[in-house]
Amino acid sequence: MGRMIPLHRLSPGTCAKVRQLTAKGNTRRRMLDLGLICGTRVEALQKSPSGDPVAYEIRGAVIALRSEEASQILVEVL
Amino acid sequence: MPGERMARETYRIDLHEEDLVIALAGNPNTGKSTVFNALTGLNQHTGNWPGKTVTNAHGKFIHRHLSFILFDLPGTYSLFANSVDEEVARDFICSGKPKVTIVVTDATCLERNLNLVLQVMEITEHVVLCVNLLDEAKRKKIQVDLTALSKILGIPVIGTNARDGFGLEALKDAVYQLATGTLQTKPLRISYGEVVEKCIKLLEPGIQGMINDQINSRWAALRLLDGDRDIGDRQIPDTIAAVDQLLLKAHLDQDTLRDHIVTCIVNQAEEIAQKVLSCKKQNYNVMDRRIDSVLTSKVWGIPVMIALLGLVFWITIKGANYPSQALATGLFWLEEKLTQLFMFAGWPDWLHGVLVLGMYRTLAWVISVMLPPMAIFFPLFTLLEDLGYLPRIAFNLDNFFKKACAHGKQALTMCMGFGCNAAGVISCRIIDSPRERLIAIITNNFVPCNGRFPTLIALTTIFIAGGMGGTGQSLVASLIILATIVLGVVITLTVSRILSKTVLQGIPSSFSLELPPYRKPQIGRIIVRSLYDRTLFVLARAIIVAAPAGMITWAFANIYVGNLSVLQHGANLLDPFAHLLGLDGFILMAFILGLPANEIVLPILIMSYMSAGQMIELDSLQALRNLFVANGWTWLTAVCTMLFCLNHYPCGTTLLTIKKETQSTKWTLITFAVTTAVGIILCFVVAQSARLLGLV
Ligand SMILES: Nc1nc2c(ncn2[C@@H]2O[C@H](COP(=O)(O)OP(=O)(O)O)[C@@H](O)[C@H]2O)c(=O)[nH]1
Ligand SMILES: [Mg+2]
């Protein structure tokens with residue numbers, strides 16, 4: 001088992017696997033729609049100029065998430 | 001379901017019996033509108049950023065003597081969620097009963113796209129999969145085995161490159177075959193595991209009774225499990241109770257159940273993608289990452305953004321200068337000829353006044369001031385749009401919007417506002433949260449639309465930077481315009497924050513933004529498209545408003561009450577107040593008369609000044625400067641006019657649009673009040689400070 005951290009703490013250039021979504025309701029739906037389920041590989045790509053949001057690669061697409069949302073995704077660093 | 005009614009209302013059109021309804025669905029930014037345009041010959045807005053199709057277009061095409069009506073649906077990631085867009089798309093496919101649904105997908109991001117394909121296949125059997133952007137996939141060395149994909153999914157799969165028209169015949173053939181029933185599909189069924197399948201089996205018979213085969217019962221059962229329980233509770237309470245028992249035993253509560261369903265779909269999509277995608281090179285988008293690491297970096301992100309914008313303004317101003325002069329010279333030469341014609345024919349003076357001095361002259365100014373900057377600005381902006389730069393702007397600026405408790409996509413709606421604030425207001429539909437959407441609507445006007453942008457350019461060039469001449473002039477002018485836009489952004493953020501803390505309190509809603517791959521734009525097409533679709537369209541609209549406005553203004557300026565014209569009475573009345581704002585009565589009057597369209601403010605002003613005495617020849621921008629100076633303008637007047645131009649009530653069209661979009665007179669009036677108040681306060685502070693400091 002690797003380290004478990006919330007996604008917004010993943011530093012750019014590193015990959016991780018989604019382990020748990022703590023978001024509820026509509027936010028959770030949106031995450032699922034993007035293909036963020038348990039086991040999905042995520043890579044943190046690039047911080048925006050102010051450090052938040054961060055762009056992630058998720059299933060071949062680049063998605064920017066604010067730290068509020070990313071902190072509700074627990075990942076295991078690869 | 002509010003969305004159902006909405007879909008019906010949105011799509012209320014006259015269908016002929018023989019018309020076959022076809023829906024275009026797909027993830028955002030996969031080329032749906034491009035396919036739509038290619039098939040119907042219409043001109044829906046396309047561009048490389050998610051969310052630009054918010055209005056729903058439909059168009060006709062004929063293939064092998066059958067007539068099809070094609071509906072361009074908003075892009076969605078799934079059909080489960082609650083946003084207005086997704087409801088429209090879902091309800092259209094469910095209840096609109098299209099004969100065939102085309103799902104357009106991005107070949108370079110097939111796995112995620114397949115998600116939606118599988119969901120649509122749950123609803124209807126009549127699905128054609130269009131794998132678009134094959135050229136981009138090829139460039140990235142991604143290969144899609146279309147035959148295998150078709151076999152696995154059990155539906156026709158057509159590869160296309162919609163922008164170049166490749167594959168569209170095959171797509172039409174497939175649609176034709178499905179619509180006429182000459183081709184049967186065998187859609188792949190996803191299995192949701194033992195428990196859920198059992199529940200579906202239990203529910204289906206009851207549901208069939210409820211919905212009379214209006215929609216697919218398996219899909220309805222899934223939806224019922226997923227949340228919309230109340231319908232079932234009322235109609236088939238016993239079955240629901242049994243189902244709940246089953247779920248309870250399997251420890252599936254609402255959230256876990258949804259996770260479970262989505263997980264099944266996503267896993268299925270992943271499995272399929274692995275089978276049909278070859279050469280899945282890990283680093284096919286290194287180039288994009290490299291570009292992003294500059295364009296959105298901590299150090300360069302914002303400076304590059306400002307520099308790019310400045311460059312666009314510089315090219316616009318520099319390039320528009322000469323054609324503007326040439327147009328003015330030409331059009332005023334024609335005015336002289338027209339005047340001669342009137343004199344020669346012996347037509348009455350008032351007719352000459354209304355038609356030539358009123359209408360023609362206003363039109364001449366609208367055209368020579370508006371056309372050149374628009375003809376240059378629009379293609380440049382479309383270029384940035386097609387490259388995929390706009391979402392990067394939103395990405396760079398998001399944190400500012402977050403601090404203002406607003407939505408990051410507000411930056412995208414502001415970009416739309418550059419073209420037209422009414423369009424900007426409509427584009428606010430991409431923001432789901434009603435609170436944040438209202439903020440975006442109210443503040444959209446702080447971005448100068450193409451009606452005000454040329455006015456700003458004209459004032460800057462002829463007045464502020466006027467004395468310099470040469471390269472320096474364009475440079476200074478661009479910097480001033482740039483500063484004006486930045487000011488507009490700062491005002492937007494400030495007002496957004498104030499609204500969030502007062503009438504529209506709340507915390508930022510959830511936010512995710514897709515940054516699409518950069519795509520190679522087609523320069524030739526961009527120029528043609530932006531000239532035809534945007535420049536000429538906007539110009540035509542301006543002309544339609546300007547013609548009567550010119551006549552009315554001329555009449556006001558020439559109908560006398562006592563020894564002053566109506567216009568002058570009005571100006572005198574407004575003058576004391578206008579003076580406080582660093583303006584004069586005529587300027588304020590022009591803004592008031594310019595309510596229908598911002599394009600006509602400057603021409604009205606020019607005419608007011610001219611009819612008030614100084615009848616000089618006005619065939620160059622230098623002459624315009626002289627006219628303003630003769631009427632007492634200083635640099636402060638120019639600055640305050642520009643400030644007021646940037647910050648005042650939205651034009652008539654935009655106000656009507658706000659009313660329609662918010663369904664509320666209250667918010668329309670609030671927008672009117674907020675924008676105007678900002679202008680008044682700013683102008684007042686600037687004018688008074690300048691005077692106090694003795695700067696003028
Ligand atoms: N290279 C390439 N670009 C395309 C193709 N189809 C669409 N585009 C571009 O992709 C962008 C998004 O297309 P659009 O039709 O607006 O997508 P929509 O959001 O699905 O309606 C636009 O900039 C199009 O010019 C294609 O087949 N090849
Ligand atoms: Mg579209």
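1. Nonpolar cores. In this predicted model, the largest nonpolar core has 119 residues. Phe628(B) and Trp633(B) have the most contacts inside it. Helix 15 of chain B, residues 349-387, gives the most to this core, with 13 residues. Another core lies apart from it and has 89 residues. Among its members are Leu36(A), Val42(A), Leu65(A) and Leu129(B). Residues of chain A and of chain B are thus both named in that core.

2. Surroundings of Trp633(B). Leave aside the neighbours within four places in sequence. Trp633(B) is then in contact with Leu459(B), Phe463(B), Asp584(B), Ile587(B) and Leu605(B). Its contacts also include Tyr609(B), Phe628(B), Ala638(B) and Thr641(B). Phe628(B), one of these partners, is the other residue named for the most contacts inside the largest core.

3. Extent of the interface. How many residues of chain B are in contact with chain A? There are 49 of them, and they meet 35 residues of chain A. The two chains bury about 3500 Å² between them. Of this area, 49% is on carbon and sulfur atoms.

4. Polar and charged pairs. Across the interface of chain B and chain A, the rule finds 7 salt bridges. The side chains of Lys402(B) and Asp52(A) meet in a salt bridge, at 2.3 Å from N to O. The rule also finds 14 residue pairs in polar contact across this interface, with both residues at pLDDT 80 or more.

5. What chain B supplies. Several elements of chain B each give at least two residues to the side that touches chain A. Among them are helix 4 (110-123), helix 13 (286-295), helix 14 (301-345) and helix 16 (390-403). Strand 9 (512-514) is also one of these elements, as is helix 12 (254-276). Helix 12 gives the most, with 8 residues. By class, this side of chain B has 15 nonpolar, 19 polar and 15 charged residues.

6. Ser48(A). Where is Ser48(A) placed in chain A? It sits in the loop between strand 3 (41-47) and strand 4 (54-58). Is Ser48(A) buried or exposed? Ser48(A) counts as buried, because its relative accessibility is 1%, and the cut-off for buried is under 20%. A polar atom of the Ser48(A) side chain lies 3.1 Å from the backbone oxygen of Asp52(A). Not counting residues up to four places away in sequence, Ser48(A) touches Pro53(A), Thr296(B) and Phe395(B). Asp52(A) also has a partner in chain B: its side chain meets that of Lys402(B) in the salt bridge of point 4.

Notes:
Residues are numbered from 1 along each chain as its sequence is written. Chains are lettered from A and ligands numbered from 1 in the order in which they are written. This is a predicted model: local features need pLDDT of at least 70, side-chain atom pairs count only at pLDDT 80 or more; totals for chains, interfaces and linings use all residues. Side-chain values use heavy atoms; hydrogens and water are left out. A nonpolar core is a set of buried Ala, Val, Leu, Ile, Met, Phe, Trp, Tyr and Cys residues joined through side-chain atoms within 4.5 Å. Buried means under 20% relative accessible area, exposed over 50%, partly exposed in between (1.4 Å probe, protein chains only). Helices (H or I, at least four residues) and strands (E, at least two) are DSSP runs, numbered from the N terminus. Contact means heavy atoms within 4.5 Å. Buried area is the accessible area (1.4 Å probe) that two parts lose on being put together, summed over both. A salt bridge is a side-chain nitrogen of Lys or Arg within 4 Å of a carboxyl oxygen of Asp or Glu. A polar contact is a pair of N or O atoms within 3.5 Å; within protein, one must be able to donate a hydrogen and the other to accept it, and residues adjacent in sequence count only if both atoms are side-chain atoms. Ala, Val, Leu, Ile, Met, Phe, Trp, Tyr, Cys and Pro count as nonpolar, Asp, Glu, Lys and Arg as charged, and the others, Gly among them, as polar.
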